[in-house]
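Biologist: Hi, I have a model open and would like to walk through it with you. Could we start with a single residue and work outwards?

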Amino acid sequence: MKKFFLNIFLFFALLIQPDLKAAYLLIPMDNNQKNCLKAYGIAYWALQKDVEVSWLLNYRGGSFMCKFFKEIENECRIRGVSCEIIADAQSTAILEEIAAPDVNMDEVKLHKAPKIAVYSPPNKEPWDDAVTLVLKYAEIPYDIVYDEEVIQGKLPLYDWLHMHHEDFTGQYGKFWFVYRNAPWYIADVKSNEEIAHKLGFAKVSQCKLAVAKKIRDFTAGGGYLFSMCSAPDSYDVALAAEGVDICDVMFDGDPQDPNAQSKLDYSKCFAFTNFKLVTNPVIYEIADIDIDPQVRQREVNEANDFFTLFDFSAKWDPVPTMLCQDHERVIKGFYGQTTAFKKDRIKSSVLIMGENKGLNEARYIHGEYGNGTWTFYGGHDPEDYQHLVGDPPTDLNLHPNSPGYRLILNNVLFPAAKKKKQKT
């Protein structure tokens, strides 16, 4: 009997021993972090291993913390990510500090690695997309989908979708005037026409509209949509112009509807309203949602072009707080086919998360659609200010702590969180 009770005691002692000696792994995201971008990949990798990760909002730049496992520590060392092994008492003290009602911090639990899809054409050039660059650099796996996969109904297989800098209006980015004889432009037109015809559409614009509506349904069903550069405004323009021909003859073989502007339905748009179409085929814009670069360049240049992230309440507004996690609040500006959104073209229901107030422009916006959410980010490449066609891809080894690229990766991890309802 004595031996029996001894065994019971040893059994319970073994049960509680891990708690007494428990250690945690803290991945700081402040200026002490050697590689913020790859740190997101570590968090994603841990989730793939069924390890719960705490996202410590506004604590040391939005740090990550999880139970200590030697395998995760080793992976941090391999990828060059700074990490700290802390005792159970230290992790408790951190959580108590975060929970204090008078500090703008909070803990959000990340539970499951989201399945990532990137809507991107098969003939994508290496200078085409910042999101695929940073996903590869952070070592976060993703699948490529394009028109065929979308039309075939494969989007519900994914949690998060990025729209490549696409022109959903079927005007090929309005590159025609300058690049119509360039091999890459000719190949792009040919590829899109072949896909559209294969899927049963007479025009590329009709195919892109069908794709846009499938993406809309994906979002309404609970999906997380992210987009940069020309995709945000071209997407909304395509939805608003459903059933209206806004493409001129050089894009689809017949003239545009002369009354197209009056037939737009802004209620179908995610983010924008009251915009005017730019119908001139030689002007490098599809609508006046984007700022006028010639006017803008009279105000700013690379040395003084910045936008500011809003400071949201972590405890009351965890969603925008997550999306704005960064070690910098002032972010370097950068151009794109769509650089920034005019504030008077943004719906009142849209949440502006980053702006250049002096220029009256929004750079980073967010909203809900059905059961899902979307985030639009102005500009093309956070570390390539002008981004010219044909530029080599950005080497992120030179920018491991890029604040602008961090905003992209915030969105990638966003679906992994169990989010509280926004209060404001």
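Biologist: Leaving aside its neighbours within four places in sequence, which residues is A43 in contact with?
Modeller: A43 is in contact with V53, F64 and L413, where contact means heavy atoms within 4.5 Å. Before we go on, this is a predicted model, in which local features need pLDDT of at least 70 and side-chain atom pairs count only at pLDDT 80 or more, while totals for chains, interfaces and linings use all residues. Residues are numbered from 1 along each chain as its sequence is written, and side-chain values use heavy atoms, with hydrogens and water left out.

Biologist: Is A43 buried or exposed?
Modeller: A43 is buried, with a relative accessible area of 3%. Buried means under 20% relative accessible area, exposed over 50%, and partly exposed in between, with a 1.4 Å probe and protein chains only.

Biologist: And where is A43 found?
Modeller: A43 is found in helix α2. Helices (H or I, at least four residues) and strands (E, at least two) are DSSP runs, numbered from the N terminus.

Biologist: What does α2 pack on?
Modeller: Let me describe the sheet before the helix. The sheet is open, with five strands in the order β4-β1-β3-β2-β5 and antiparallel pairing. Two strands pair if DSSP finds at least two bridges between them. β4 and β5 stand at the edges with a single partner strand each, so one side of each is left without a neighbour in the sheet. On average, neighbouring strands of this sheet are turned by 30 degrees against each other, direction ignored. Helix α2 (residues 36-48) packs on the sheet and touches β1, β2, β3 and β5, and its direction makes about 145 degrees with that of β2. For such angles, axes are lines fitted to C-alpha atoms, for helices over the stretch in contact, and angles run from 0 to 180 degrees between N-to-C directions.

Biologist: How many bridges join β1 to β3?
Modeller: Four bridges join them, and the two strands run antiparallel. Y24, for instance, has K67 in β3 as its bridge partner.

Biologist: Let's try another helix. Which residues of α4 are buried?
Modeller: S91, I94 and I98 are buried in α4. Seen down the axis of α4, its buried residues fall within an arc of 60 degrees, so they line one face of the helix. The arc is that of the directions from the helix axis to the C-beta atoms. They pack against β1 (23-27), β2 (53-57), β3 (63-67), β4 (84-87) and β5 (106-110).

Biologist: Which exposed residues are on the face turned away from the buried side of α4?
Modeller: That face carries A89, E96 and A99.

Biologist: What about α3, which residues are buried there?
Modeller: In helix α3 (residues 70-79), I72, E73, E75, C76 and R79 are buried. Seen down the axis of α3, these fall within an arc of 160 degrees, so they line one face of the helix. Their cover includes β1, α2, β3, β4 and α5 (130-138). Just after α3, G80 takes a positive phi of about 75 degrees.

Biologist: Changing topic: how many residues of β15 are buried?
Modeller: Six of its six residues are buried, and strand β15 covers residues 372-377. G372, W374 and F376 point one way from β15, and T373, T375 and Y377 the other way.

Biologist: Which strands are joined to β15?
Modeller: Strand β9 (residues 224-228) is joined to β15 by five bridges and they run parallel, with S227 opposite F376. Strand β14 (residues 361-369) is joined to β15 by six bridges and they run antiparallel, with E368 opposite T373. In the hairpin of β14 and β15, two residues lie between the strands, and G370 takes a positive phi near 60 degrees.

Biologist: Which ring does W374 form an aromatic pair with?
Modeller: W374 pairs with F270, and the pair is tilted, at 6.4 Å centre to centre and 40 degrees between the planes. Rings of Phe, Tyr and Trp (its six-membered ring) pair if their centres lie within 6.5 Å; planes under 30 degrees apart count as stacked, over 60 as edge-to-face and the rest as tilted. F270 lies in the loop between α11 (249-252) and α12 (293-296) and W374 in strand β15, so the pair ties together parts that are 104 residues apart in sequence. Both F270 and W374 are buried.
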